[in-house]
Amino acid sequence: MSSDLQTITALVVVALTAAWFIRRAIVKRKNPGCGSDCGAVSPQMRKLQERLKQR
């Protein structure tokens, strides 16, 4: 593999990785708070969240 091809391939991989990180950061900012990434949530907390959503 020539050094030019390796350089281009490395730049493409870096660009794709950077785009993926930026996309993840933007998506997480749109849904602040717990979202679906929380661990176990108690039933009382779920009831409180539902009441707050209704307001």
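**Entry 1: Overall fold.** I looked up the secondary structure and noted two helices and zero strands in the chain. I record here that the model is a predicted one.

**Entry 2: Burial across the chain.** How much of the chain is made up of buried residues? I found that they account for 0% of the 55 residues. I then looked up the accessible surface of the chain, which is about 5,400 Å². Carbon and sulfur atoms hold 61% of that surface.

**Entry 3: Helix α1.** I noted that helix α1 covers residues 3–30 and that I8 lies in it. Is I8 buried or exposed? Its relative accessibility is 51%, and exposed means over 50%, so I entered I8 as exposed. I8 also helps to make a nonpolar surface patch, together with V12 and L16. I wrote down about 290 Å² as the area of this patch.

**Entry 4: Helix α2.** I turned to helix α2, which has 12 residues and runs over residues 43–54. How far does helix α2 reach from its first C-alpha to its last? The computed reach is 17 Å, close to the 16 Å expected at 1.5 Å a residue. I also checked its cover and found α2 hardly covered, with zero buried residues among its 12.

**Entry 5: Aromatic rings.** I searched the whole structure for aromatic pairs, and one was found. The pair is formed by W20 and F21. A pair of aromatic rings is described by the distance of the centres and the angle of the planes. For W20 and F21 I recorded 5.1 Å centre to centre and 50° between the planes. Planes under 30 degrees apart count as stacked and those over 60 as edge-to-face, so this pair is entered as tilted.

**Entry 6: Exposure of the two rings' residues.** I looked up W20 and found a relative accessible area of 44%. The value for F21 is 49%. Buried means under 20% and exposed over 50%, so I entered W20 as partly exposed, and F21 likewise as partly exposed.

Notes:
Residues numbered from 1 in each chain as written. Predicted model: local features only at pLDDT ≥ 70, side-chain atom pairs only at ≥ 80, totals over all residues. Heavy atoms only, no water. Patch = residues over 30% accessible without salt bridge, like charges linked within 9 Å, V, L, I, M, F, W, Y side chains within 5 Å. Areas by Shrake-Rupley, 256 points an atom, 1.4 Å probe, with all protein chains shown as cover. Salt bridge = Lys/Arg side-chain N within 4 Å of Asp/Glu carboxyl O. Helix = DSSP H or I, 4+ residues; strand = E, 2+ residues; numbered from the N terminus. Buried < 20%, exposed > 50% of the residue type's maximum accessible area, 1.4 Å probe, protein only. Phe/Tyr/Trp six-rings, centres within 6.5 Å; stacked < 30°, edge-to-face > 60°. Expected span 1.5 Å × (residues − 1).
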